[in-house]
Amino acid sequence: MSKPRILVARAVFPEVIDRLAVHFEVSHNQVDAAWSKADLIARLQGMAGAFTTGGERIDAEVLAACPDLRICANMAVGYNNFDLPAMTARGVLGTNTPDVLTETTADFGFALLMATARRVTESEHYLRAGRWTKWSYDMFAGAEVHGSTLGILGMGRIGQGIARRGAHGFGMRVIYHNRSRLAPEVEAACGATYVGKDELLRTADHLVLVLPYSAESHHAIGAAEIAQMKPTATLVNIARGGIVDDAALAAALREQRIAAAGLDVFEGEPRVHPDLLTVPNVVLTPHIASATVQTRRAMADLAADNLIGYLVQGRPITPLNPEVLGAA
Ligand code: 8YV
């Protein structure tokens, strides 16, 4: 019997390609060429499965043009690149990579918070530029982290990881806002108190965004929300570009209406709003919150396991639209 055909849309660990090749006829993109939507559609012809990352949009047009497709396995916990209702309507399973990146991403959220509050990259640029000629009492004086109030918008697994770090590691008062309130025992375990969004914005010394992107969360932080924040506050976005209105944020940072921001994700990335590149009080990183070797490998392995689990054994590990399974 011939093996099912799959497409791996981006370069991944060679060992993962080798694992997949045991079960599938694999087409890959190990040169990591930038494919247009038309390229993706052309390459998906005859494929039963796709290994995708957050960069490949799987929408009604792609699905209509690729009738053999049965599963798209995303190497990401976020899946806003999937039109999930359209996939479900066509009987195409979507899977993501939850859990394996939670702690690593929470670590990075905290790294960005610390770098932002304590002006790490701004001061490094100053030093590298040869401008450090003497010490002074107020040089790069930043915001206190320990003992301050940590606000978290979006309290899923990663938000809870950040809350635990803040409450238990840094003695912070942790407040959060989420679509639904957590169970009391979960709140207690991560030392977090539920508040309304306005109170979160007004009270947080450091506000970390960890909510999924959707039409509802588009520009959840825009000029009006920034205006509610303390002038001394910092804002960290490790969620998705588009949750923050980057133009409004750049203007607020330039006018020091808030103290600083740390951004790992951007509207329209890998493009970055040009105004963000010229304001000093922002730490910018290229979407690396889950980037440790171990975690990226675990994410790739889980995406591969979903393809093998579904197409070979009929049991995906982390399905996003399990209703497709009943219908298959
Ligand atoms: C991915 C992410 O690296 O998992 C997510 O949702 O944002 C990152 O961990 C990125 O989406 C590429 O797939």
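The structure holds 16 salt bridges, each defined as a side-chain nitrogen of Lys or Arg within 4 Å of a carboxyl oxygen of Asp or Glu. The model is a predicted one, in which local features need pLDDT of at least 70 and side-chain atom pairs count only at pLDDT 80 or more, while totals for chains, interfaces and linings use all residues. Residues are numbered from 1 along each chain as its sequence is written, and side-chain values use heavy atoms, with hydrogens and water left out.

One of the salt bridges joins Asp59 to Lys37, with the closest N and O atoms 2.5 Å apart. Asp59 sits in the loop between strand E3 (49-52) and helix H3 (60-65) and Lys37 in helix H2 (residues 37-44), so this pair ties together parts that are 22 residues apart in sequence. Helices (H or I, at least four residues) and strands (E, at least two) are DSSP runs, numbered from the N terminus. Asp59 is buried, at a relative accessible area of 12%, whereas Lys37 is partly exposed at 31%. Here buried means under 20% relative accessible area, exposed means over 50%, and partly exposed lies in between (1.4 Å probe, protein chains only).

Helix H7 takes part in further pairings. Arg157 forms a salt bridge with Asp99, the closest N and O atoms being 3.7 Å apart. This contact links distant parts of the chain, from Arg157 in helix H7 (residues 157-170) to Asp99 in the loop between strand E5 (93-95) and H5, 58 residues apart. Arg157 counts as partly exposed because its relative accessibility is 44%. The side chains of Arg164 and Glu103 also meet in a salt bridge, at 2.6 Å from N to O. That pair connects helix H7, which holds Arg164, with helix H5, which holds Glu103, across 61 residues. Arg164 is partly exposed at 28% relative accessibility, and Glu103 is partly exposed at 37%. Elsewhere, Arg19, Arg297, Asp301 and Asp305 are linked in a network of salt bridges.

Helix H5 itself deserves a closer look. The 16 residues of H5 (residues 102-117) should span 22 Å at 1.5 Å a residue, and the end C-alpha atoms are 22 Å apart, which agrees; the expected span is 1.5 Å times one less than the number of residues. H5 is mostly covered, with 12 of its 16 residues buried. Among them are Phe108, Phe110, Leu112 and Leu113, along with Ala115 and Thr116. Just after H5, Arg119 takes a positive phi of about 60°.

Ala115, Thr116 and Arg119 reappear in the lining of the largest cavity, together with Thr121, Glu122, Ala260, Ala261, Pro280, Asn281, Val282 and Val283. The elements that give two or more residues to this lining are H5, H6, strand E11 (260-263) and strand E12 (282-284). About 50 Å³ of space lies in the largest cavity, and the count comes to one cavity of 30 Å³ or more. A cavity is a set of points on a 1 Å grid over the protein atoms alone where a 1.4 Å probe fits but cannot get out, and lining residues have an atom within 4 Å of a point.

On the surface, Leu127, Trp132, Trp135 and Tyr137 make a nonpolar patch of about 610 Å². Patch residues have over 30% relative accessible area and no salt bridge, and nonpolar side chains (Val, Leu, Ile, Met, Phe, Trp, Tyr) are joined within 5 Å. Leu127 belongs to helix H6 (residues 120-128) and counts as partly exposed at 47% relative accessibility.

Definitions and conventions
Patches are made of residues with over 30% relative accessible area and no salt bridge: like charges are joined within 9 Å, nonpolar side chains (Val, Leu, Ile, Met, Phe, Trp, Tyr) within 5 Å. Accessible areas come from the Shrake-Rupley method with a 1.4 Å probe; for residues, only the protein chains shown count as cover. On a 1 Å grid over the protein atoms alone, a cavity is a set of points where a 1.4 Å probe fits but cannot get out, and a pocket is an open set with protein on both sides within 12 Å along at least five of seven lines; lining residues have an atom within 4 Å of a point. Grid points are joined across faces, edges and corners, and a volume is the space filled by probe spheres set on the points.
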